[in-house]
Amino acid sequence: MSNKTIRVFARHILPVENKTKQKKNEMSTNCNKINFKQKAIMADFMSDHPGLAKGKISNCPEGRASSNRLWEQLTTKLNGAGPPVKNVTLWRKVYADQKQHVKKKLSFNKASKNQTGGGPYEEKLITQSEELILEAAGLSAAVEGLSSVQSFGAKKCKNAYIILF
């Protein structure tokens, strides 16, 4: 009980963990903050290595070694470019956050474009480095969809359902 504090609410006793015991990475909320130069370096590197950007490097020992080697190279370049110095794990998280941010902007733009009811069209601008990340990771297909692919599922045809495979 020396590491925990006990709080009593009405009839319930709740243990509260000491926040100083958490890992430093979990407590850091600014781990995805990077400067513009680092963002451009990351975008250029991912456009040069689309397999890494899409996560399509094979999951075999050689593929994992290749992926780790590429992430080490990127980490060295990024740490040399600016004050936020991070390890490989945090740079992977930053890249995942960057992809999610670009995908969110694309989704907002698509929803705003398809919106009915009048009013002005609102658009979030996509920077050049975000455009490189978008192309390298293939995020436009995730938001817009593929027009050349037939959809799967049941089609209604004269009160009967036909299953397409």
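A pocket is an open set of points on a 1 Å grid over the protein atoms alone, where a 1.4 Å probe fits, with protein on both sides within 12 Å along at least five of seven lines; lining residues have an atom within 4 Å of a point. A volume is the space filled by probe spheres set on the points, with grid points joined across faces, edges and corners.

This is a predicted model: local features need pLDDT of at least 70, side-chain atom pairs count only at pLDDT 80 or more, and totals for chains, interfaces and linings use all residues. Residues are numbered from 1 along each chain as its sequence is written, and side-chain values use heavy atoms, with hydrogens and water left out.

**Exercise 1. Take stock of the chain.**

Task: State how many helices and strands the protein chain has, and in what pattern they follow.

Solution.
- Step 1. Use DSSP runs, numbered from the N terminus: helices are H or I with at least four residues, strands are E with at least two.
- Step 2. The protein chain has seven helices and four strands.
- Step 3. Along the sequence the pattern reads β-β-α-α-α-α-α-α-α-β-β.
- Step 4. Now look at burial. Buried means under 20% relative accessible area, exposed over 50%, and partly exposed in between (1.4 Å probe, protein chains only).
- Step 5. Of the 165 residues, 23% count as buried.

**Exercise 2. Explore the largest pocket.**

Task: Find the volume of the largest pocket, and say which element gives the most to its lining.

Solution.
- Step 1. The volume is about 220 Å³.
- Step 2. The lining consists of Asn32, Ile34, Asn35, Phe36, Lys39, Asp97, Gln98, His101, Lys105, Thr127, Ser129 and Glu130.
- Step 3. Helix H2 (36-48), helix H5 (88-114) and helix H6 (128-137) are the elements that give two or more residues.
- Step 4. H5 gives the most, with four residues.
- Step 5. Sort the lining by class. Ala, Val, Leu, Ile, Met, Phe, Trp, Tyr, Cys and Pro count as nonpolar, Asp, Glu, Lys and Arg as charged, and the others, Gly among them, as polar.
- Step 6. The lining of the largest pocket has two nonpolar, six polar and four charged residues.

**Exercise 3. Turn to the second largest pocket.**

Task: Give the volume of the second largest pocket and the classes of its lining.

Solution.
- Step 1. The second largest pocket holds about 170 Å³ of space.
- Step 2. Its lining residues include Gly51, Leu52, Trp71, Arg92 and Lys99.
- Step 3. Helix H3 (50-54), helix H4 (61-81) and H5 each supply at least two residues of this lining.
- Step 4. By class, the lining has six nonpolar, three polar and three charged residues.

**Exercise 4. Follow H5 through its partners.**

Task: Work out how H5 is set against H2, H4 and H6.

Solution.
- Step 1. Axes are lines fitted to C-alpha atoms, for helices over the stretch in contact, and angles run from 0 to 180 degrees between N-to-C directions.
- Step 2. Angles under 35 degrees count as roughly parallel, over 145 as roughly antiparallel, 65 to 115 as roughly perpendicular and the rest as oblique.
- Step 3. H2 and H5 pack at about 85°, with axes 12 Å apart. They are therefore roughly perpendicular.
- Step 4. Contact means heavy atoms within 4.5 Å. Gln38, Lys39, Met42 and Met46 of H2 meet Trp91, Val94, Tyr95 and Gln98 of H5. This contact has five nonpolar, two polar and one charged residue.
- Step 5. The axes of H4 and H5 come within 10 Å and cross at roughly 85°. This pair is therefore roughly perpendicular. Among the residues in contact are Trp71 of H4 and Tyr95 of H5.
- Step 6. H5 and H6 pack at about 95°, with axes 10 Å apart. They, too, are therefore roughly perpendicular. Residues that meet include Val102 in H5 and Ile133 in H6.

**Exercise 5. Compare two residues.**

Task: Decide whether Met46 and Gln128 are buried or exposed.

Solution.
- Step 1. Met46 lies in helix H2. Its relative accessibility is 0%, so Met46 counts as buried.
- Step 2. Leaving aside neighbours within four places in sequence, Met46 is in contact with Leu52, Ala53, Trp71, Leu74, Tyr95 and Ala136.
- Step 3. Gln128 is found in helix H6. Its relative accessibility is 68%, so Gln128 counts as exposed.
- Step 4. The C-alpha atoms of Gln128 and Ala43 are separated by 8.9 Å, though the two are 85 residues apart along the chain.
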